[in-house]
Amino acid sequence: MSQHNSNYVRRVVLPSGRAIEVVYFENQPTADAAPLVPARRDTLDLHLCPDCDKGLVYPVEWEEASATHWEVELRCPNCEWSTVGQYDQDTVDRFDEELDRGTEALVRDLKRLTRANMEEEMERFSSALSSDAIWPMDF
Ligand SMILES: [Zn+2]
């Protein structure tokens, strides 16, 4: 198994109004041990990458294409897959909910950090992260 690191940055606005950037490191084989659902459903889950099956796909750009459809540019930070497609409102709504869930989970983690009175450390940590000064082997 190769030790291949790829990460991606997500900007999160905390309830306090402060915006920080969180870097995800994707070198764990399977942190999310969600059961696989191989059966093709008739609904399209935009957050799932068709190439690497990671649920990390996010919208780069989107605009209204018609009264019922959105044109969305998608990118997978894990394998660099990307596409531009037109999707109906329901599909985009589901995608949006999925993205919200991801952000909520992040904010929950960050609140725990804040509660531990680590705000100052967190600031140093996040600036270290954004300057690539911290790598997974530091932990
Ligand atoms: Zn991918």
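So, what pattern does the chain follow, read along the sequence? Going from start to end, the chain runs β-β-β-β-β-α-α. That comes to two helices and five strands. Before I go on, please keep in mind that this is a predicted model.

A few overall figures for the chain, then. There are 139 residues, and 28% of them count as buried. The chain exposes about 10000 Å², with carbon and sulfur atoms supplying 49% of that. And if you take the contacts with a separation of 6 or more, 40% of them are between residues 24 or more positions apart.

Okay, the metal site. Which residues coordinate the zinc ion? They're Cys49, Cys52, Cys76 and Cys79, each through its SG atom, at 2.2 to 2.3 Å. If you want to find them in the sequence, look for the spacing C-x2-C-x23-C-x2-C. The angles that the four donor atoms subtend around the zinc ion are 105 to 115 degrees, so the arrangement is tetrahedral.

Two of these cysteines have accessibility values I'd like to put side by side. Cysteine 76 has 0% relative accessibility, so it counts as buried. Cysteine 79, on the other hand, has a relative accessible area of 31%, which makes it partly exposed.

While we're around here, have a look at aspartate 53. You'll find aspartate 53 in the loop between strand 2, which is 19-25, and strand 3. Its phi is positive, about 65 degrees, and yet this residue is not a glycine. Is aspartate 53 buried or exposed? With a relative accessible area of 59%, aspartate 53 is exposed.

Now the sheet. It's an open one with three strands in the order 3-4-5, and the pairing is antiparallel. Why is one side of strand 3 and of strand 5 left without a neighbour in the sheet? Because strand 3 (58-64) and strand 5 (82-88) stand at the edges, and each has a single partner strand. From one strand to the next, the twist averages 25 degrees.

Let's walk across it. Strand 3 and strand 4 pair in the antiparallel sense, over six bridges. The two form a hairpin, with four residues between them. If you'd like a landmark for that pairing, tyrosine 58 stands opposite arginine 75 in strand 4.

Next step over: strand 4, residues 69-75, pairs with strand 5, again in the antiparallel sense, and here there are seven bridges. The landmark on this side is tryptophan 70, which stands opposite tyrosine 87 in strand 5. Strand 4 and strand 5 form a hairpin as well, with six residues between them. Glutamate 80 sits in that turn, with a positive phi of about 70 degrees, although glutamate 80 is not a glycine.

So what packs on the sheet? That's helix 1, residues 89-115, and it touches strand 3, strand 4 and strand 5. The direction of helix 1 makes about 120 degrees with that of strand 5.

One residue to pick out in helix 1 is threonine 91. At 8% relative accessibility, threonine 91 counts as buried, since the cut-off is under 20%. Leaving aside residues up to four places away in sequence, threonine 91 touches Leu44 and Leu46.

Last stop is helix 2, residues 119-130, where we find glutamate 123. Glutamate 123 has 40% relative accessibility, so it counts as partly exposed. How many residues apart in sequence are glutamate 123 and isoleucine 20? They're 103 residues apart in sequence, but in space their C-alpha atoms are 8.2 Å apart.

To recap, for anyone who wants to click through it: start at the zinc ion with its four cysteines, Cys49, Cys52, Cys76 and Cys79. Then go across the sheet in the order 3-4-5, and look at how helix 1 packs on it. Finish in helix 2 with glutamate 123. That's it from me, thanks.

Technical notes
Residues are numbered from 1 along each chain as its sequence is written. This is a predicted model: local features need pLDDT of at least 70, side-chain atom pairs count only at pLDDT 80 or more; totals for chains, interfaces and linings use all residues. Side-chain values use heavy atoms; hydrogens and water are left out. Two strands pair if DSSP finds at least two bridges between them. Axes are lines fitted to C-alpha atoms, for helices over the stretch in contact, and angles run from 0 to 180 degrees between N-to-C directions. Contact means heavy atoms within 4.5 Å. Buried means under 20% relative accessible area, exposed over 50%, partly exposed in between (1.4 Å probe, protein chains only). Accessible areas come from the Shrake-Rupley method with a 1.4 Å probe; for residues, only the protein chains shown count as cover. Donors are N, O and S atoms within 2.8 Å of the metal (3.2 Å for Na, K and Ca); water is not among the atoms, so sites may look incomplete. Four donors count as tetrahedral if all angles lie between 85 and 135 degrees; four count as square planar and six as octahedral if opposite donors are over 155 degrees apart and all others between 65 and 115; anything else is irregular.
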